[in-house]
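Subject: Handover of a protein structure

Dear colleague,

With this message I hand over a structure for your study. Please open it first and keep it beside you while you read the notes below.

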Amino acid sequence: MSDYYQQARPSHHRSEPPMFRPTKPEDWEPYRDLIAHLYNEMKLKDVMTEMQVVHRFKATEKQYKTQLKKWNLDTKYIKASEYMAMIKTKRLREAENPPKQTRFILRGRTVDPKDITRFEKRALKKGMIKPEDQMYEQEEPVEDLLYDTPSPEPSYSYAEASQYSY
């Protein structure tokens with residue numbers, strides 16, 4: 001009977017390398033470029049899974065966030081304070097010149113106006129801001145936040161479009 005169990009068991013036991021758990025800041029350095037690349041391509045949860053399954057590197061979410069901040073890679077998502085600064089700037093510019101449009105560029109990327117509007121609606125609903133607030137109090141300036149007035153989109157009338165033959 002023992003021969004049967006010996007044969008039923010797979011004979012090729014692959015021993016996987018043990019899971020590596022970083023305990024010191026220098027433990028992260030060999031993985032820095034890989035983590036940076038993955039984080040640019042996917043969400044943090046997916047990076048963590050990939051690192052654990054493929055590279056046998058296991059760290060907590062807090063450890064990753066600390067490391068990403070240290071490496072200045074925590075720039076993917078817009079923070080509430082950054083949205084608040086955009087809303088303040090937008091409201092001040094609109095108060096000075098009502099039809100004025102404002103385009104925001106944060107860390108080199110143009111911020112979708114729909115995202116700002118969505119945040120503003122949620123902030124109003126939660127009572128973080130009021131519709132009548134002009135938000136004049138001075139806050140810390142947000143690093144890497146630029147704004148300008150976008151050039152108007154060219155508009156074509158039907159008459160102009162009809163002069164072109166296809």
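The notes that follow describe what was found in this structure.

Please keep in mind from the start that this is a predicted model.

**Overall layout**

The protein contains seven helices and three strands. Their order along the sequence is α-α-α-α-α-β-β-α-β-α. Of its 166 residues, 24% count as buried. The accessible surface amounts to about 13100 Å², and carbon and sulfur atoms account for 52% of that surface. If one takes the contacts between residues at least 6 apart in sequence, 69% of these contacts join residues at least 24 apart.

**Helices α3 and α4**

I suggest that you begin with helix α3, residues 44-53. Its buried residues are Leu44, Val47, Met48 and Met51. Viewed down the axis of α3, these buried residues fall within an arc of 100°, so they line one face of the helix. A general point about helices helps here: an α-helix has 3.6 residues a turn, so residues three or four places apart point the same way. The face of α3 that is turned away from the buried side carries the exposed residues Lys45 and Val53. The cover over the buried residues of α3 includes α2 and α4.

Between α3 and α4 there is a loop, and arginine 56 lies in it. Arginine 56 is not a glycine, yet its phi is positive, at about 55°.

Helix α4 spans residues 61-70, and Tyr64, Gln67 and Leu68 are buried in it. Seen down the axis of α4, the buried residues fall within an arc of 100°, so they too line one face of their helix. On the other side of α4, the residues Lys62, Lys69 and Lys70 are exposed. Against what do the buried residues of α4 pack? They pack against α2, which covers residues 32-41, and against α3. Just after α4, asparagine 72 takes a positive phi of about 60°.

**Salt bridges**

Side chains of opposite charge can pair when their charged atoms come close. How many salt bridges does the structure hold? There are nine salt bridges in the structure. Three of them are described here.

One salt bridge joins the side chains of lysine 45 and glutamate 61, with 2.9 Å from N to O. This pair links distant parts of the chain, as lysine 45 is in helix α3 and glutamate 61 is in helix α4, 16 residues apart. Lysine 45 has a relative accessibility of 53% and therefore counts as exposed. Glutamate 61, at 28% relative accessibility, counts as partly exposed. Lys45 and Glu61 also belong, together with Lys65, to a network of salt bridges.

Another salt bridge is formed by the side chains of glutamate 120 and lysine 90, at 3.2 Å from N to O. This pair also links distant parts of the chain: glutamate 120 is in helix α6 (residues 113-126) and lysine 90 is in helix α5 (residues 80-96), 30 residues apart. Is glutamate 120 buried or exposed? Glutamate 120 is buried, because its relative accessible area is 12%, and the cut-off for buried is under 20%.

A further salt bridge lies within helix α6. Aspartate 115 and arginine 118 form it, and their closest N and O atoms are 2.5 Å apart. The two residues are three residues apart in helix α6, so about one helical turn separates them. Aspartate 115 is partly exposed, with a relative accessible area of 23%, and arginine 118 is partly exposed as well, with 45%.

**The sheet**

The three strands form an open sheet in the order β2-β1-β3, with antiparallel pairing. Strands β2 (109-110) and β3 (145-148) stand at the edges with a single partner strand each, so one side of each has no neighbour in the sheet. Strand β1, residues 103-106, pairs with β3 in the antiparallel sense over four bridges. Which residue of β3 is the bridge partner of leucine 106? The partner is leucine 145.

The loop between β1 and β2 is the place of arginine 107. Its phi is near 50°, a positive value in a residue other than glycine.

I would be grateful if you would look up each of these places in the structure as you read.

Yours sincerely,
A colleague

Methods
Residues are numbered from 1 along each chain as its sequence is written. This is a predicted model: local features need pLDDT of at least 70, side-chain atom pairs count only at pLDDT 80 or more; totals for chains, interfaces and linings use all residues. Side-chain values use heavy atoms; hydrogens and water are left out. Buried means under 20% relative accessible area, exposed over 50%, partly exposed in between (1.4 Å probe, protein chains only). The arc is that of the directions from the helix axis to the C-beta atoms. Contact means heavy atoms within 4.5 Å. A salt bridge is a side-chain nitrogen of Lys or Arg within 4 Å of a carboxyl oxygen of Asp or Glu. Two strands pair if DSSP finds at least two bridges between them. Accessible areas come from the Shrake-Rupley method with a 1.4 Å probe; for residues, only the protein chains shown count as cover.
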